[in-house]
Amino acid sequence: MKKMEEYVRAIPDFPEPGIIFRDVTSVLQDPDGLKLAIDSMIKLLDGVEFDVIAGTESRGFMFGVPIAYQLGKAFVPVRKKGKLPCETISAKYDLEYGSAEIEMHKDAIKPGQKVVLVDDLIATGGTLAASIELIEKLGGTVSKVVLLMELAGLKGREKLTGYEVASVITYEGN
């Protein structure tokens, strides 16, 4: 079987010159790659005590739901503003090229619940930091942040100081 890194397609000069885009769709399109990604992320949860998995829109859903299913846990979506039908709480954050806002249902996390936060990638860390803010606002605690990939050169992990963060693959550049 191939290593996880071999399933990730690298696209140079996207979205701008000098950037190497790490494309997760090549992982999703290969049954062995997808299985290896999910299994590898689950291994990062060995010994972690938690009640629920939260995943960020949209690729956090793709990895978070099968992990939740496999481990018999509930899944909570963290969505872009305006996508959830019930009463929500929201958090704004900065992106590399602007700002955004995410939301969770007010009843998605119960006070005292331990949450694992899942996403495909950490770059600058803004989405994950905002997601943690929402989880904590609802009274949950973040047990661990689990990622398929980390772009270490963008220093997103620094926004998550104080939280356990683990990634299957770490790319030293950006």
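Let's start at L95: in β6, its bridge partner is G98. Keep in mind that what we're looking at is a predicted model. L95 belongs to β5, which covers residues 88–95, and a hairpin of two residues links β5 to β6. These two strands pair in the antiparallel sense, over eight bridges.

Now follow β6 across to its other neighbour. β4 and β6 are also antiparallel, but here the pairing runs over two bridges. If you want a place to look, find R79, which stands opposite E103 in β6.

Okay, let's zoom out to the sheet. What is the order of the strands? Reading across, you get β5-β6-β4-β3-β7-β8-β9, an open sheet of seven strands with mixed pairing. At the edges sit β5 and β9, and each of them pairs on one side only. From one strand to the next, the twist averages 20 degrees. A handy thing to remember when you look at any of these: in a regular strand, side chains alternate between the two faces of the sheet.

So where does the parallel part of the mix show up? One place is between β7 and β8, which pair in the parallel sense over eight bridges. On that stretch, D119 stands opposite L147 in β8.

Next, a helix on top of these strands. α4 lies across β3, β4, β5, β6, β7 and β8, and its direction makes an angle of about 155 degrees with β5.

That brings me to the pocket. How much space lies in the largest pocket? About 980 Å³. It has 40 lining residues, and the closest to its centre are R59, L95, E96, L121 and A123. Yes, that's our L95 from the start, among the residues closest to the centre. The elements that give two or more residues to the lining include α4, and also β5, β6 and β7 from the sheet. As for the chemistry, the lining divides into 20 nonpolar, nine polar and eleven charged residues.

Now let's go somewhere else: A37, in helix α2, which spans residues 31–43. Is A37 buried or exposed? A37 is buried, because its relative accessible area is 0%, and the cut-off for buried is under 20%. Its contacts away from its own stretch of sequence are M4, V27, F63 and L148. Look at L148 in particular: A37 and L148 are 111 residues apart in sequence, yet their C-alpha atoms are 6.8 Å apart in space. L148 falls within β8, residues 141–151.

Last stop, the backbone oddities. Most residues other than glycine have a negative phi, and most peptide bonds are trans. With that in mind, look at the loop between β1 and β2. D13 is in that loop, and its phi is near 60 degrees, a positive value in a residue other than glycine. P15 lies in that loop too, and the peptide bond joining F14 and P15 is cis, with omega about 5 degrees.

Which other peptide bond is cis? That would be the one from E57 to S58, with omega near -10 degrees. You'll find S58 in the loop between β3 and α3. And for another positive phi, try K155, again near 60 degrees; K155 is in the loop between β8 and β9.

That's my tour. Spin the model around and see if you can find each stop.

How values were computed:
Residues are numbered from 1 along each chain as its sequence is written. This is a predicted model: local features need pLDDT of at least 70, side-chain atom pairs count only at pLDDT 80 or more; totals for chains, interfaces and linings use all residues. Side-chain values use heavy atoms; hydrogens and water are left out. Helices (H or I, at least four residues) and strands (E, at least two) are DSSP runs, numbered from the N terminus. Buried means under 20% relative accessible area, exposed over 50%, partly exposed in between (1.4 Å probe, protein chains only). Contact means heavy atoms within 4.5 Å. On a 1 Å grid over the protein atoms alone, a cavity is a set of points where a 1.4 Å probe fits but cannot get out, and a pocket is an open set with protein on both sides within 12 Å along at least five of seven lines; lining residues have an atom within 4 Å of a point. Grid points are joined across faces, edges and corners, and a volume is the space filled by probe spheres set on the points. Ala, Val, Leu, Ile, Met, Phe, Trp, Tyr, Cys and Pro count as nonpolar, Asp, Glu, Lys and Arg as charged, and the others, Gly among them, as polar. Two strands pair if DSSP finds at least two bridges between them. Axes are lines fitted to C-alpha atoms, for helices over the stretch in contact, and angles run from 0 to 180 degrees between N-to-C directions. Lists of a residue's contacts leave out its neighbours within four places in sequence.
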